[in-house]
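Please find below a note on the structure under review, set out as numbered points. It is intended to be read with the sequence and the coordinates at hand.

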Amino acid sequence: MKKKNFIAAILSLATLSLAANIQVLPPSGADFATDAPNMVQSIVRAAVGQTGNTPVESGADIQLRTTLMTMGSSIVVVCEQVKDGAVVGTGKQKAPSVDDLDVAIESAAKQALANVEDDYGSQAYAPEPSSTSEPQVVYVVPVEPSRGSGEDPDDSFARKRPTRNYVSYGLGMAMWHNYDYVEDRCKGDADCHKARDTKMTWEQAFVFHYARIFEVIPQAAITIVNNMDISFGDEWQWHEAFLIGGRWFPSTGVITPFLGAGIGLGIQSDDHYYDANEGFAIGLAGGAELGVIFFRNSSVQLEVGAAWDALWDGFESFDRRFGAGSFYVAINY
């Protein structure tokens, strides 16, 4: 028994002496979370150490390059061993969710480094069948089951799906309108009607656009949109609609158009009316939007859009309606 331990120690020292330095490059495609790139790179370094090689920041002849890609709801991990500018080893694994990503990264990194050789031409890491006295370590990577495989629907529903989230800020111009109002208390008095009645007015305004965009799938997103319109003419008005809805993307290219809609609440203040309670409204709101997103494959996007918001005073009557159409330019990041 002691002889076996002595031989094992000698082999371990030999393995360490033959270990190669591996430069772990920053991963690409790991932008689904703020700390994801550092997390992925740390997992790759740990996997390199498990192979008996030494992970280094720079100055190594061998680099390990990691790329993450999304395919539907799954994440594909590709690790490439690069030596002298050429790819000499690859490993690929597929994880159905972020929860399984660490196992996929480790397995792909070890596959890519299976043929690493030291400066003397000896193989630094080569998986070999274990002896009967040593338990074999098996790395299992879950694979997305195909339809009709008897998958439990509850398990499928419980899986987390990575999303791309954006905050959007924009500025633009708007056209706003109020509604016709006739004072019933005037009772035929022309001067009273002239002072109190208000005709529907259209006025130019500025719009401040804010949104949160959650891309649950490449073709659709959940949105929280707030458009605030302010006019500084002879009469001051403020119109704001807070809407929860969604967007549909007909394509997934670098330049992508979109259509959206939402429903929520709104608030309005308008100095055109003689009575202040007629110019102030809070109630149900709805809206629609369309536009184009540029650089959609980037973490920072340019959005050009047009929107229409409508606000009804109260929750029972839809006779008194304020509305605003706006055009804006926004940055999504």
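The points below proceed from the chain as a whole to its helices, sheet, cores and hairpins.

1. Overall composition. The model is a predicted one. The protein chain contains six helices and 13 strands. Of its 333 residues, 38% are buried. Among contacts in the protein chain with a separation of 6 or more, 59% are between residues 24 or more positions apart.

2. Helix H2. This helix covers residues 36–50, and its geometry can be checked: at 1.5 Å a residue, 15 residues should span 21 Å, and the end C-alpha atoms are indeed 21 Å apart. Its buried residues are Ala36, Val40, Gln41, Ile43, Val44, Ala47 and Val48. Because these residues cover an arc of only 160° around the axis, they lie on the same side of H2. They pack against strands S1 (21–24), S2 (54–56) and S3 (62–71), and against helix H3 (101–112). After H2 comes Gly52, with a positive phi near 95°.

3. Helix H3. The same check may be applied here: the 12 residues of H3 should span 16 Å at 1.5 Å a residue, and the end C-alpha atoms are 17 Å apart, which agrees. Leu101, Ala104, Ile105, Ser107, Ala108, Ala109, Lys110 and Ala112 are buried in H3. The elements covering these buried residues include H2, S3, S4 and S5. H3 lies across S3, S4 and S5, and runs at about 155° to S5.

4. The five-stranded sheet. In what order do the five strands of the open sheet lie? The order is S2-S1-S3-S4-S5, with mixed pairing. S2 and S5 (86–95) are the edge strands, each of them pairing on one side only. On average, neighbouring strands of this sheet are turned by 30° against each other, direction ignored. Within the sheet, S3 and S4 (residues 74–83) pair in the antiparallel sense over 10 bridges. Met71 stands opposite Ser74 in S4.

5. Nonpolar cores. Which residues have the most contacts inside the largest nonpolar core? They are Ile22, Leu64 and Val77, in a core of 25 residues. At least two residues of this core come from each of S1, H2, S3, S4 and H3. Leaving aside residues up to four places away in sequence, Leu64 touches Ile22, Gln23, Val24, Leu25, Val44, Val48, Cys79, Glu80, Gln81, Ala109, Ala112 and Leu113. Apart from the largest core lies another, of 11 residues, which include Tyr166, Ala174, Ala205 and Ile213.

6. Strands S11 to S13. S11 (residues 280–294) and S12 (residues 301–312) run antiparallel and are joined by 10 bridges. Gly291 has Gly305 in S12 as its bridge partner. Six residues lie between the strands of this hairpin, in which Phe295 has a positive phi near 60°. S12 is also joined to S13 (residues 321–332) by 12 bridges, and these two strands run antiparallel. Here Ala306 stands opposite Phe327 in S13.

7. Points for inspection. Three places may be viewed in turn. One is the set of buried H2 residues that pack against S1, S2, S3 and H3. Another is Leu64, whose contacts include Val44, Cys79 and Ala109. The last is the hairpin of S11 and S12, with Phe295 at a positive phi near 60°.

Technical notes
Residues numbered from 1 in each chain as written. Predicted model: local features only at pLDDT ≥ 70, side-chain atom pairs only at ≥ 80, totals over all residues. Heavy atoms only, no water. Helix = DSSP H or I, 4+ residues; strand = E, 2+ residues; numbered from the N terminus. Expected span 1.5 Å × (residues − 1). Buried < 20%, exposed > 50% of the residue type's maximum accessible area, 1.4 Å probe, protein only. Arc of directions from axis to C-beta. Contact = heavy atoms within 4.5 Å. Pairing = 2+ DSSP bridges. Axes fitted to C-alpha atoms, helices over the stretch in contact; angles between N-to-C directions. Core = buried A, V, L, I, M, F, W, Y, C linked by side-chain atoms within 4.5 Å.
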